Amino acid sequence: MGEDAGGGHEFVVVANRLPVDEVTGEDGQHRWERSPGGLVSALQPVVRQRGGAWVGWTGSAGEAPEPFDIDGMRLRPVPLSAEEVDQYYEGQSNATIWPLFHDLVEQPTHRRDWRRAYEAVNRRFARAAADAAAPDATVWVHDYQLLLVPAMLRELRPDVRIGFFLHIPFPPVELFMQLPRRRELLTGLLGADLVGFQGALAAQNFLRLTRLLAGLEPKDDRVEVDGRTVVARAFPISIDVAEVDQLTADPAVQERARQLRTELGGDRRLLLGVDRLDYTKGIEQRLEAYHDLLADGEISNDDVVLVQVATPSRQRITQYQQLRERVEREVGRTTGEFGDVGRAPVHYLFQSFGRAELVALYLAADVMLVTPLRDGMNLVAKEFVAARRDEQGALVLSEFTGAAAELDDAFLVNAHDTDDIKRGILEALNADPQDLAARMRHMREQVRAHDIDYWARDFLGVLGVPGAPPEAREAA
Ligand code: ADP
Ligand code: G6P
């Protein structure tokens, strides 16, 4: 795959975000930083390896820079005005669709002006994709910010092959039906040739919806629309195992892991949480469970310490601001009640880190806590497993993550039930080392056999892209 003589790309990825964010430093200088979130972590190696173009937003309002190259990828920025950031990104995408698709963990807001902006921005992305694609190219559209793009793109470019992948859960029919203009959203997705989801249930929800909302007759994993076939299937996303391998083999990373352990109090067991600061991640419930374990005397500040990394995210949205206040209050409460001078029970880091520092944290941890109330997949869980070549460490994992379907050797918990999180943490802390090693071995086999390259080849193979062998799925 690559660029043809006319400048069009044979492989185009379209996502709300580019893999890098434009940030302005304190010195007023512009620079590029890796964008937050699992979508970028997962797609970057896929595009880098295939040498395609990436159509997306830079994360800043205003004019977009000219297309540029980074790391073997051609980036084609799409501009968003400040009002569009407000209405399309923070509004319709992240205050309507995000909470509704995550089972109403927070209440969605419905606004006509947000829907209008969403449609206008989706049209702009579709045009940008149409401009980037060579004749008969493959265009792969991603995630809930761009649900209308497949149909819009098909209208502009009936020659291209269109894939769509949803990185977050697809809700049950009764929830989707609450969305105003729900039919347009469904029709938008049906513009694709292949619609991919994180799990089988999501694909089923979608196919049921085509019957209910569009009067279509889905059969197995496909449905006929205007004489075309649309396939809907699960493709559980994964991580770049080779990248994690490289980092864990790096002596500097191993040394940093040892240093972190010493600094956090030598023989104390280290519990770790790493999340975007998002209300879907169950951070409050996790902190509450940890507080209660200390209060019950089941664990003590002399024996354990919790490091909670919370990456800043969507900070202008009220629900995220309120969450931050609640989380910081809970950290303060636990520190106040159970801390000693020079020895805190919780280290809360509201920061982004480089990959090496994150992997050092994974290596240093005894128990990784991944307790979302709802999550399409959760890559942090898979990164932790991939990092533990020593086959040590325990994973406490919410049943409500896509990852739980594959990592059933984790200590699975109901993340809505603080008592059950407490049980999971205690079981993980008290587990027999041999049992832990066996669990970790199984989980590592699963992740290593199904890495991000497997995922991309599987999806593109089913989409019928030349050079992406369909045997990937048969070999599963
Ligand atoms: P989501 O996509 O909802 O943010 P995931 O767990 O699927 O959740 O993906 C999060 C990604 O972001 C992972 O690749 C993880 O390594 C990365 N990440 C999380 N926290 C940080 C942080 N503080 N600094 C840098 N990267 C982070
Ligand atoms: C999740 C979503 C992505 C999104 C990421 C970060 O992974 O599925 O589409 O890019 O979160 O969120 P942000 O709003 O900062 O792009």
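How do the residues of the shell around ligand 2 divide into nonpolar, polar and charged? In this predicted model, the shell around ligand 2 holds three nonpolar, five polar and three charged residues. The residues that surround ligand 2 are Asn16, Arg17, Pro36, Gly37, Gly38, Leu39, Asp143, His167, Ile168, Ser313 and Arg314. Two elements, β1 (9-17) and α1, each give two or more residues to this shell.

**Overall form**

The chain contains 17 helices and 17 strands. Its C-alpha trace spans about 65 × 50 × 45 Å along the principal axes. A compact globule with 476 residues would have a radius of gyration near 23 Å, and the chain, at 22 Å, agrees with this. Of the 476 residues, 50% count as buried. Among contacts with a separation of 6 or more, 72% are made by residues 24 or more positions apart.

**Proline 45**

Helix α1, which covers residues 38-50, includes proline 45. Is proline 45 buried or partly exposed? A residue needs 20 or more other C-beta atoms within 10 Å of its own to be buried; proline 45 has 19 such neighbours and therefore counts as partly exposed. Leaving aside residues up to four places away in sequence, proline 45 touches Asp240, Glu243 and Ile452. Glu243 lies within the range of helix α8 (residues 241-249). Leucine 104 is 59 residues from proline 45 along the chain, and the C-alpha atoms of the two are separated by 32 Å.

**Helices α8 and α12**

Two packed helices are described by the angle between their axes and the distance between the axes. For helix α8 and helix α12, the axes come within 10 Å and cross at roughly 75°. Angles of 65 to 115 degrees count as roughly perpendicular, so α8 and α12 are roughly perpendicular to each other. The table lists the residues on each side of the contact.

| Helix | Range | Residues in the contact |
|---|---|---|
| α8 | residues 241-249 | Val244, Leu247, Thr248 |
| α12 | residues 355-364 | Arg355, Ala356, Val359, Leu363 |

Which classes do the residues of the contact of α8 with α12 fall into? They divide into five nonpolar, one polar and one charged. Thr248 in α8 is the polar residue, and Arg355 in α12 is the charged residue.

Definitions and conventions: Residues numbered from 1 in each chain as written. Chains lettered and ligands numbered in written order. Predicted model: local features only at pLDDT ≥ 70, side-chain atom pairs only at ≥ 80, totals over all residues. Helix = DSSP H or I, 4+ residues; strand = E, 2+ residues; numbered from the N terminus. Buried ≥ 20, exposed ≤ 12 C-beta atoms within 10 Å, placed from the backbone. Contact = placed C-beta atoms within 7 Å. Near = placed C-beta within 6 Å. Axes fitted to C-alpha atoms, helices over the stretch in contact; angles between N-to-C directions. Parallel < 35°, antiparallel > 145°, perpendicular 65-115°, else oblique. Rg over C-alpha atoms; globule rule 2.2 N^0.38 Å.
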